[in-house]
Amino acid sequence: MIASILFLLAGLFYLIAGLGLIRLPDPLARLHAGTKASSLATALALGAAFAHHGGWWSALLALATLGFVFLTAPLASHAIARSLLASRLVQDAEGVAPDRES
Amino acid sequence: MILCALTLVLLSILASLWRLWHATTPADRIIALDVISFQAMGALIGFSLLDGSPLALESALTISLVGFLSTLALTHLLVRPRNSEPS
C-alpha cells in the first residue's frame, strides 16, 4: 500500500517533468523543470521499490541508485547549462553570452 | 494502482519524446534525453513492482550511469562540434 502510494506520487512528478518540458518557453526553464522534478520522482520510485521488496539487497541497490542520481543530476544539468551559454544559444542575465571556456 | 502510476510514467515519456521531436535548439534534445533516462528508470522500477523481483533495480542503476555519461558526451559535442579544430 505504501509502495503503491509512493509510486503514484512518483508518476505524478514524472508527469510534471514531462509537462514542463512541453509547456515552458525557454531551454533553461525546461532544464529547471526536467532535472528537479524527475530527481524527486526517482527518489520516490526508489522508496516505493524498497517498501515493496524489502531486504538488504534492494535497500543497498536503492541507496546506491539514489546516491548516484543525487550526485550526477546536478552535474549533468550544470554541464547542459554551461554548454548552452558557451555555444551562444541563450544569453545570460546581463544580455551577453560569456566567452567560451577551454 | 501501480498500473495506473505506470501509465502516468509512460505518458510522461511520450511528453518528453514530443519535446525531443519538436526541439527549438540542440540543447533541448539533450535535456529531453536526460529526462527520458530518468523516466525510463521510473518505468523499470514500476515493472519491478509489478514483477515482484528486485532484479530490475540493477538495470535502473545501469541506466542512470549510462544516462549521465551520455549527457556529458553530448554537451561536449554541443560546445565543440566534431569538425572544428581543437583549441
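Begin by selecting Ile45(B) in this predicted model. Not counting residues up to four places away in sequence, Ile45(B) touches Ala45(A), Leu46(A), Ala48(A) and Ala49(A) in one chain, and Ala56(B), Leu57(B) and Ala60(B) in the other.

Next, widen the selection to the surrounding core. The largest nonpolar core has 53 residues, and Ile45(B) is among those that touch the most other members, together with Ala10(A), Ala45(A), Ala48(A), Ala49(A) and Ile80(A). At least two residues of this core come from each of α1, α2 and α3 of chain A and from each of α1 (2–21), α2 (26–51) and α3 (56–79) of chain B. The largest share, 12 residues, is supplied by α2(B).

Now colour chain A by secondary structure. Chain A contains 3 helices and 0 strands, in the order α-α-α along the sequence. Of its 102 residues, 42% count as buried. Among contacts in chain A between residues at least 6 apart in sequence, 54% join residues at least 24 apart.

Select helix α2 of chain A, residues 27–53. Is its length what its residue count predicts, or not what it predicts? At 1.5 Å a residue, the 27 residues should span 39 Å, and the end C-alpha atoms are 38 Å apart, which agrees. Move on to Gly54(A), just after α2(A), where phi is positive, at about 70 degrees.

Then display the contact between the chains. Chain A contributes 45 residues and chain B contributes 41 residues. On the side of chain A that touches chain B, the elements giving two or more residues are α1 (2–23), α2 and α3 (55–86) of chain A. The largest share of that side, 15 residues, comes from α3(A). By type, the side of chain A that touches chain B divides into 30 nonpolar, 14 polar and 1 charged.

Finish on α1(B). Its 20 residues should span 28 Å at 1.5 Å a residue, and its end C-alpha atoms are 29 Å apart, which agrees. Select Ala5(B), Leu6(B), Leu8(B), Val9(B), Ser12(B), Ile13(B), Ala15(B), Ser16(B) and Arg19(B), which are buried in α1(B). Why do these residues lie on the same side of α1(B)? They cover an arc of only 170 degrees around the axis, and therefore they share that side. An α-helix has 3.6 residues a turn, so residues three or four places apart point the same way. The cover over the buried residues of α1(B) includes α1 of chain A and α2 of chain B. Rotate to the face turned away from the buried side to find the exposed residues Leu3(B), Cys4(B), Leu14(B) and Trp21(B).

Methods:
Residues numbered from 1 in each chain as written. Chains lettered and ligands numbered in written order. Predicted model: local features only at pLDDT ≥ 70, side-chain atom pairs only at ≥ 80, totals over all residues. Helix = DSSP H or I, 4+ residues; strand = E, 2+ residues; numbered from the N terminus. Expected span 1.5 Å × (residues − 1). Contact = placed C-beta atoms within 7 Å. Nonpolar A, V, L, I, M, F, W, Y, C, P; charged D, E, K, R; others polar. Core = buried A, V, L, I, M, F, W, Y, C linked by C-beta atoms within 7 Å. Buried ≥ 20, exposed ≤ 12 C-beta atoms within 10 Å, placed from the backbone. Arc of directions from axis to C-beta.
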